[in-house]
Amino acid sequence: MLVATTDGVGTKLKLAIETGRHEGVGIDLVAMCVNDLVVQGAEPLFFLDYFATAHLSVEHAAAVVAGIAEGCRLARCALVGGETAEMPGMYAAGDYDLAGFAVGAAERGRLLPRNDILPGDVVLGLASSGVHANGFSLVRRIVAEAGLGWSSPCPWRPEVSLGEALLEPTRIYVSALLDVHRAGLVKAAAHITGGGLPGNLPRVLPDGVAVTIHLGSWPVPPVFAWLARTGEVAAEEMLRVFNCGIGMAVVVASADADRAEAVFTALGERVFRIGSIGCGAGPPRVELSVPGSWPA
């Protein structure tokens, strides 16, 4: 079966444009598409991009496309083409927009999620590389209200600039997740993007179950603690807007949890047991245990 996805990078592009750092958003673009593809059990085959701007800057476009090519290499798929559009009057000088399109394939009986998700199953979380490509409208507001610039020293990584730290590209989980899926260990997977854990996990769960997420079960990257503290953002809002350190959630049988965790670790992922599946009534829901100090 063929599976297709499409996505963009959102207002993270504003940060790339204002800092002059364009390579990473190309990786972000691929990641946002192929991570959505692999959670359906599909292997990415090829990718296309759409680049729109007022007037083409060859230097900027070349940097973006180089990032897209690197993202495709990481996702093990082909970059087969794309479209570059110049539209004066639609975009301000120097601005551009990106969209991506990925197509993959899966055997008909190997699509995710599986239909055997049961109470007692374990939820594993794969660590994110940072903010990824969601929530940047709030990030930009917090940075502005804090009186900082993108060239300011990063509060949690003073050896780099704030802009450089925030532009860390989205992690691509394709290789590791496909290998664990082919081993028969994955029941479901959710790419944690806009909506966070509470908004994305229910999409891959059946009616009649609830998932409990233990928020103290993984180390929260310092960027999120800084955003929460500086922007006075409540824990519930942080979880709704950001990935908070978990870029991919994977449901496995309790008996397979040790093996799945070992395979993910061997493949270079940082993996944590973040929750479990329990009984519920009606549509699936996420229950959160929020420690008083979280996410500090």
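Here is a short tour of this predicted model, from its nonpolar core to its largest pocket and one of the strand pairs.

**Stop one: the core.** Begin with the largest nonpolar core, which has 101 residues. To get your bearings, select Leu-166, Leu-201, Ile-213, Leu-227, Phe-242 and Val-250, the residues with the most contacts inside this core. Now colour helix H2, residues 23-38: ten residues of the core come from there, the largest share. As a rule, nonpolar side chains in soluble globular proteins tend to be buried together.

Zoom in on Leu-227 next. Leaving out residues up to four places away in sequence, Leu-227 touches Val-131, Val-139, Ile-142, Glu-232, Val-233, Met-238 and Phe-242. Phe-242 is also on the list of residues with the most contacts in the core.

**Stop two: the pocket.** Which residues line the largest pocket? Select Ile-27, Leu-74, Ser-129, Glu-168, Pro-169, Thr-170, Arg-171, Ile-172, Ser-175, Ala-176, Leu-267 and Glu-269, and you have the lining. The volume of this pocket is about 210 Å³. Sorted by class, its lining has six nonpolar, three polar and three charged residues.

Stay with Glu-269, one of the lining residues. You'll find Glu-269 in the loop between helix H10 (257-266) and strand E9 (271-279). Is Glu-269 buried or exposed? Its relative accessibility is 6%, and buried means under 20%, so Glu-269 counts as buried. Show its contacts, skipping residues up to four places away in sequence, and you get Leu-126, Arg-171, Tyr-173, Ala-176 and Phe-264. Of these contacts, Arg-171 and Ala-176 also appear in the pocket lining. For a longer hop, draw a C-alpha to C-alpha distance from Glu-269 to Ala-75: the two are 15 Å apart in space and 194 residues apart in sequence.

**Stop three: strand E6.** Select residues 188-191 and show the side chains. Ala-188 and Ala-190 point one way, while Ala-189 and His-191 point the other, and all are buried. That fits a general pattern: in a regular strand the side chains alternate between the two faces of the sheet.

Add strand E8, residues 246-252, to the view; E6 and E8 pair in the antiparallel sense over four bridges. Across from His-191 in E8 stands Met-248.

**Last stop: Thr-193.** Move on to the loop between E6 and helix H7 (196-200), where Thr-193 lies. Thr-193 counts as buried because its relative accessibility is 13%, with the cut-off at under 20%. Its contacts, not counting residues up to four places away in sequence, are Met-32, Asn-134 and Asn-200.

Note on methods: Residues numbered from 1 in each chain as written. Predicted model: local features only at pLDDT ≥ 70, side-chain atom pairs only at ≥ 80, totals over all residues. Heavy atoms only, no water. Core = buried A, V, L, I, M, F, W, Y, C linked by side-chain atoms within 4.5 Å. Buried < 20%, exposed > 50% of the residue type's maximum accessible area, 1.4 Å probe, protein only. Helix = DSSP H or I, 4+ residues; strand = E, 2+ residues; numbered from the N terminus. Contact = heavy atoms within 4.5 Å. 1 Å grid on protein atoms, 1.4 Å probe; cavity = no way out; pocket = protein on both sides within 12 Å on 5 of 7 lines; lining within 4 Å. Points joined across faces, edges and corners; volume = space filled by probe spheres on them. Nonpolar A, V, L, I, M, F, W, Y, C, P; charged D, E, K, R; others polar. Pairing = 2+ DSSP bridges.
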